[in-house]
Amino acid sequence: MSTSVARIARAAEAAGPHVVGVRHHSPACARLVRETIRRVRPRHVLIEGPCDFNPRLDELRLDHQLPIAVFSYLHSDAFRHAAWAPFCEYSPEWIALETAREVDAEARFCDLPSWHECFRDLRNRYADRRGDDHRRHAESYVDQLCARFSVDDSDSLWDHLFEQPMPTDELGRRLATYFEHLRDHRPPAETDEPRERFMAQAVAWAVADAAPESVVVVCGGYHAPVLARAWREHEPDSDFPSVEPPPGADCHSYLVPYSYKRLDAFAGYQSGMPSPAFYEELWRTGPEVAGSRAVEWVVGRLRAKKQRLSTADLIAADAMTRGLARLRGRTQPCRVDVLDGLAGALLKDGLDAPMPWARRGALMPHTHPLLVEMVKALSGDRRGRLDPRTPQPPLLVNVQQILDELDLSPGERVGAERRVELDLLDPFDRRRSRALHRLAILRIPGFDRLTGPEQAGDVVLHETWRLRRVLHAEVAVIEASSWGPTLAAACAGRLENRLAEAESLGEQADLLTASVFAGLDALAERCLEVVSRCIDREPAFGELGRATRRFFDLWRHDGVFADLRRAALPSLQDVLDRCVDRGLWLLEGLHGGAAPADPLDLEALATLRDVVSKRSTTRSQNAPAVFSRRALDPEAPPAIRGGCLGALWSLQDGSPTPAWSTPSGEPPERLALRGLRTVRRDLLGEFLAGLFALAREASLRSEPLLEALDATLAELEDETFLVALPALRLAFSYFPPLEREVLARFVSARHGDPSAAGVRDLLRVSTSPVDFAAGSRLDARVAEVAQRYGLSDSLDDPAPDASEPGGPGDPETLP
């Protein structure tokens with residue numbers, strides 16, 4: 001079968017253009033591309049890459065330091081997408097561009113733009129994405145080869161078959177056979193069909209413009225067998241094929257610095273070659289030298305980490321590496337030989353995870369630290385750098401201007417750091433705060449807020465930011481340019497996108513808060529419009545309460561955000577009224593007579609209480625009736641019953657007007673006492689959690705309630721107390737330390753020990769609740785056993801004194 005496949009490949013090459021199938025970022029494929037172009041000296045070199053960048057290929061010829069990438073994005077009403085096309089020193093596509101210029105050939109990218117919808121959900125245009133049938137066949141074929149050559153995974157197989165020294169002709173034949181079997185004449189996947197059709201059209205155009213033998217095509221090996229034949233099925237156009245973006249879409253492409261970390265398969269890059277620094281050395285010096293250099297890197301890195309490695313260790317690692325290569329039938333050590341040799345010579349401990357290079361993908365948890373450092377040494381830390389003449393997006397220029405104008409630049413040196421203190425009442429500092437919040441929303445690294453208000457209603461009006469000079473901050477700004485040309489526009493675009501994807505009222509409220517801190521008033525009003533349409537669809541009482549708190553804080557805040565409050569006041573009032581209606585309706589629907597206390601529901605109930613107490617409207621007048629019904633409803637969760645009682649009590653306590661009296665006219669304190677007497681004893685903690693969450697201060701001032709509570713707790717059986725204990729702890733956690741001291745003083749005085757020492761004993765219990773509960777269970781079990789055997793009376797009698805007659809010390813009792 002392999003002989004016939006090779007004949008097919010040679011026949012296709014002889015009858016048409018030279019199609020070179022490659023693996024992206026493979027030094028062997030780069031070598032084959034370079035030798036093929038130099039030998040053929042073609043007129044056209046077509047390269048798999050974004051065709052929309054063809055008019056700007058001169059930008060790739062500037063004095064860049066690789067790796068770099070073409071970053072492309074499209075933003076339309078239908079969808080938005082961004083993707084990268086990365087290049088490093090040994091990428092076959094990059095070598096094709098350089099060698100084409102060397103032989104005066106005309107180079108073009110011949111694939112669809114990275115913003116095309118066929119790349120949707122792909123962050124890297126060279127990442128593998130095949131249909132299930134294609135993936136299953138490819139995995140089966142690769143697994144068979146791995147078993148035949150006794151290697152662990154596809155990366156080791158690739159090194160064994162292709163990255164070893166061999167003549168270029170043999171390498172070409174091997175690759176043609178491999179890729180033909182990998183594709184196996186299968187039709188393209190749905191996402192690949194438009195790409196292969198477009199590339200075939202480009203090949204047909206190049207063949208029509210020059211003789212077939214004057215065209216070299218460099219593409220992914222998966223596409224190569226198809227393109228070698230499919231170009232004949234297309235009528236060439238007079239112009240090179242191109243693609244127009246959708247009407248009204250905003251799409252652009254820019255060069256961005258890249259890094260070996262993002263190229264590394266160990267970091268999750270699907271089409272990446274693992275250990276890019278190793279393959280760079282392989283490309284530069286060849287396999288004869290790369291293995292020894294890699295051993296030196298690892299040993300040097302480990303010594304820098306204070307690991308004791310002797311010259312003997314280095315010699316042992318090098319000898320084991322070369323021995324493993326010979327044992328595995330290789331003329332020169334490849335990457336896995338180097339890593340296995342190092343691990344065998346240096347690793348002294350057992351492993352909690354398999355060798356990272358025994359499988360493809362990111363490092364697993366619990367990987368041995370020594371192996372992690374070995375992988376890092378071969379991955380390298382190279383970062384790209386763009387030539388200063390490279391065109392940059394307007395967002396990058398705008399951000400730099402803003403940082404200079406507001407004195408927010410971290411510094412010129414990489415790693416430089418400074419802290420900035422902002423007073424939000426100062427207009428200039430408020431501008432700086434908004435700029436920093438916008439950078440944080442765009443996820444630009446190096447701008448971290450350490451302290452500051454979390455909500456619009458927080459009393460803290462100071463912020464502390466840490467500014468750091470980070471290498472990849474510029475890359476992040478360029479990538480964020482897909483959201484807009486200025487910092488304000490990009491931030492608004494990103495928040496608009498998140499607003500469209502938000503699935504809950506709480507998420508929408510968070511976005512409103514973010515837009516407020518970023519000073520995006522128009523977007524904040526847009527958030528309120530979306531919120532007002534979604535309130536009636538919110539199914540969760542707790543989530544509604546969390547969102548309502550955000551709106552309420554903004555509505556009553558008249559300081560830093562006063563301008564926005566005035567502009568959006570009608571919308572805010574309408575949103576709050578809708579939240580009250582929806583909240584009361586959801587509150588009526590909470591059922592479950594034995595449901596545990598939910599702190600989120602209690603916070604929502606407190607928020608509802610606060611809103612109706614501050615906004616006296618027709619809608620809020622319904623709240624006391626709803627609270628009363630729920631407080632007396634035996635089907636309501638006990639925490640909700642207690643919370644509604646607390647809401648009524650706190651409303652009357654804070655504003656003793658007829659509007660806030662209970663519908664029955666009965667004082668809330670009396671209702672609370674009745675509830676305390678009637679609630680199931682094992683649910684006492686849930687009831688109190690609701691009561692204290694809403695009426696903590698009123699409860700603390702009510703001696704009748706505290707006396708009744710103390711008596712009720714004293715009457716609880718041990719088993720019932722243990723069941724109620726977690727909820728009781730939650731209930732009393734609503735009291736701050738000073739109020740807990742008031743409670744302790746009351747209990748201590750009631751039980752006859754009003755001293756300060758007695759209060760301290762109640763507040764500072766050395767035994768943990770778990771140990772106390774375990775001790776109580778042990779006491780109960782001992783008492784049960786004693787009663788079973790008639791020993792219960794003796795447990796209650798005091799031990800006899802040693803000096804008493806008949807005691808242990810009485811001489812008469814001694815033998």
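**View 1. Arg108 in strand S5 and its polar contact with Glu106**. With a relative accessibility of 17%, Arg108 counts as buried, where buried means under 20% relative accessible area, exposed over 50% and partly exposed in between (1.4 Å probe, protein chains only). Arg108 belongs to strand S5, residues 106-111, and strands (E, at least two residues) and helices (H or I, at least four) are DSSP runs numbered from the N terminus. Its side chain makes a polar contact with the side chain of Glu106 at 2.7 Å; such a contact is a pair of N or O atoms within 3.5 Å, of which, within protein, one must be able to donate a hydrogen and the other to accept it, and residues adjacent in sequence count only if both atoms are side-chain atoms. The model is predicted, so local features need pLDDT of at least 70 and side-chain atom pairs count only at pLDDT 80 or more, whereas totals for chains, interfaces and linings use all residues. Residues are numbered from 1 along each chain as its sequence is written, and side-chain values use heavy atoms, with hydrogens and water left out.

**View 2. Glu93 and Glu196, two buried glutamates with polar contacts**. Glu93, found in helix H4 (residues 92-102), counts as buried because its relative accessibility is 1%. The side chain of Glu93 makes a polar contact with that of His24 at 2.5 Å, and the C-alpha atoms of Glu93 and Glu48, which are 45 residues apart along the chain, are separated by 7.2 Å. Glu196 has its place in helix H8 (residues 193-209) and is buried, with a relative accessible area of 5%; its side chain makes a polar contact with the side chain of Arg183 at 2.7 Å.

**View 3. The salt bridge between Asp155 and Arg23**. A salt bridge is a side-chain nitrogen of Lys or Arg within 4 Å of a carboxyl oxygen of Asp or Glu, and by this rule the count comes to 50 salt bridges. In the pair shown, the closest N and O atoms of Asp155 and Arg23 are 2.7 Å apart. The pair links distant parts of the chain, 132 residues apart, with Asp155 in helix H6 (residues 154-162) and Arg23 in the loop between strand S1 (18-22) and helix H2 (27-40). Both Asp155 and Arg23 are buried.

**View 4. The salt bridge between Arg418 and Asp407**. The side chains of Arg418 and Asp407 meet at 3.7 Å, N to O. Because Arg418 lies in strand S8 (residues 417-423) and Asp407 in the loop between helix H16 (394-405) and S8, the pair ties together parts that are 11 residues apart in sequence. Arg418 counts as partly exposed at 24% relative accessibility, and Asp407 is likewise partly exposed, with a relative accessible area of 46%.

**View 5. The salt bridge between Arg578 and Asp536**. Here the N to O distance is 3.8 Å, and the pair links distant parts of the chain, 42 residues apart: Arg578 is in helix H24 (residues 569-588), and Asp536 is in the loop between helix H21 (521-534) and helix H22 (541-556). Arg578 is partly exposed, with a relative accessible area of 29%, and Asp536 counts as partly exposed at 47% relative accessibility.

**View 6. A network of salt bridges**. Arg34, Glu35, Arg38 and Glu102 are linked in this network.
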